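Trainee: I am new to this structure and would love a close look at a single part of it. Could you pick one stretch of the chain and walk me through its surroundings?

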Amino acid sequence: MKPKFLAEEFLLAIYFLVFSILSGIVLFYTPYQAGVKIAGLTAFFHVSFVALSLVLHWHTPYRIWKFLVPLSIFMVFPDWFLSAVLQILVFPEDGFSKIGTVSGYMAGLWVIPLFICVYTGIKLEERSVSIIGTVIWVGIVSLVIFGTSEATMWILGSWYAQNVKMWGHVAYYVLLPEMILGITAYLAYQGFSYSFYPLQVAMGFLVMVLYIGNLSFFYLLIEKIL
């Protein structure tokens, strides 16, 4: 058994703590445009995370990362739908190129919060938490992470909601879809992480399509019916 300070969970916690501190320094104390800073941090995350996974033999974290990368790329489409079709999400000019109406770094950014959701579920399962309990906790973690993101990212000028019901800067309609996204990403990984990789990519596509459907349903329910 590895010493506690060498345990995968402990080292990952240190990694994300250091990455968070570095992100705060870059985002608030460097002179570059927001899009350039976020894109640089996103690229740094992927390169450093893969390097550490290979050097430290983090097999499960690496498999989670590999599963989430295509899903993160697909997640450009929901943001594109919200910004170009419904026009309720805005990606202002932030110094980085766009994919349609969506800032290009979003194709890699989703990996970071979704990794935390999926890894949380894996660790809970390893501790013999029931599937229902695990799903509930993953949903709570997802809601906290994405809710915090919605509440703070407008400060950086990266994206913001408009023309919808909000509490502060958090749009109501997006909270349940984002909670469900964390849960479905975890369940999809659990079911297909050892499958043929193209099948994993296909599952990522299905998770994205489900997310678009949830966004549409809850937008209709909260903004047009209630």
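Mentor: Happy to! Keep in mind that this is a predicted model. Let us start with helix 6, whose buried residues are covered by, among others, helix 1 (8-29), helix 2 (34-56), helix 3, helix 5 (106-109), helix 7 and helix 8. Which residues of helix 6 are buried? They are Val111, Ile112, Pro113, Leu114, Phe115, Cys117, Val118, Tyr119, Gly121, Ile122, Lys123 and Leu124. Because 12 of its 16 residues are buried, helix 6 is largely enclosed by the rest of the structure. Its length also fits expectation: the end C-alpha atoms are 22 Å apart, in agreement with the 22 Å that 16 residues should span at 1.5 Å a residue. Just after helix 6 comes Ser128, with a positive phi near 65°.

One of the neighbours of helix 6 deserves a look of its own, namely helix 7. The axes of helix 6 and helix 7 come within 9 Å and cross at roughly 155°. An angle over 145 degrees counts as roughly antiparallel, so helix 6 is roughly antiparallel to helix 7. The crossing of helix 6 past helix 7 is right-handed. On the helix 6 side, the residues that meet helix 7 are Pro113, Leu114, Ile116, Cys117, Thr120, Gly121, Leu124 and Glu125. Their partners in helix 7 are Thr134, Trp137, Val138, Val141, Ser142, Ile145 and Phe146.

Another neighbour of helix 6 is helix 8, so let me take you there next. Helix 8 covers residues 175-192, and its 18 residues reach 26 Å from the first C-alpha to the last, close to the 26 Å expected at 1.5 Å a residue. Its buried residues are Pro177, Glu178, Met179, Leu181, Gly182, Ile183, Thr184, Ala185, Tyr186, Ala188 and Tyr189. What do the buried residues of helix 8 pack against? The answer is helix 3 (59-74), helix 6 (111-126), helix 7 (131-152) and helix 9 (197-225).

Within helix 8, try picking out Ala188. With a relative accessible area of 6%, Ala188 is buried. Leaving aside neighbours within four places in sequence, Ala188 is in contact with Phe67, Ser193 and Val207. By comparison, Leu89 is 99 residues from Ala188 along the chain, and the C-alpha atoms of the two are separated by 27 Å.

Val207 leads us on to helix 9, as Ala188 and Val207 are both listed where helix 8 and helix 9 meet. The axes of these two helices come within 10 Å and cross at roughly 160°. That makes helix 8 roughly antiparallel to helix 9. Here too, the crossing is right-handed as helix 8 passes helix 9. Helix 8 brings Leu176, Pro177, Glu178, Ile180, Leu181, Thr184, Ala185, Ala188 and Phe192 to this meeting. Helix 9 brings Leu199, Gln200, Met203, Val207, Leu210, Tyr211, Asn214, Leu215 and Phe218.

Helix 9 itself has 29 residues and reaches 41 Å from its first C-alpha to its last, close to the 42 Å expected at 1.5 Å a residue. Its buried residues include Gln200, Met203, Gly204, Val207, Met208 and Tyr211. Further along helix 9, Asn214, Leu215, Phe218, Tyr219, Ile222 and Glu223 are buried as well. The cover over the buried residues of helix 9 includes helix 3, helix 4 (76-85) and helix 8.

For contrast, here are two loop residues. His57 lies in the loop between helix 2 and helix 3, and its phi is near 60°, a positive value in a residue other than glycine. His57 counts as exposed because its relative accessibility is 55%. Asn163 sits in the loop between strand 4 (160-161) and strand 5 (166-167), also with a positive phi near 60°. At 64% relative accessibility, Asn163 counts as exposed.

Finally, a word on the record. In an unreviewed entry, UniProt lists residues 76-222 as "domain: DUF6989". In the model that span is 65% helix and 8% strand, and its end C-alpha atoms lie 23 Å apart. The unreviewed UniProt entry also lists "transmembrane region" for several stretches, including 68-90, 129-149 and 169-189. Over residues 129-149 the chain is 90% helix and 0% strand, with end C-alpha atoms 27 Å apart. Residues 68-90 are 74% helix and 9% strand, with end C-alpha atoms 24 Å apart.

Terms used:
Residues numbered from 1 in each chain as written. Predicted model: local features only at pLDDT ≥ 70, side-chain atom pairs only at ≥ 80, totals over all residues. Heavy atoms only, no water. UniProt positions renumbered as here; feature names shortened; annotations may be inferred. Helix = DSSP H or I, 4+ residues; strand = E, 2+ residues; numbered from the N terminus. Expected span 1.5 Å × (residues − 1). Buried < 20%, exposed > 50% of the residue type's maximum accessible area, 1.4 Å probe, protein only. Contact = heavy atoms within 4.5 Å. Axes fitted to C-alpha atoms, helices over the stretch in contact; angles between N-to-C directions. Parallel < 35°, antiparallel > 145°, perpendicular 65-115°, else oblique. Left-handed = near helix turned anticlockwise from the far one by under 90°.
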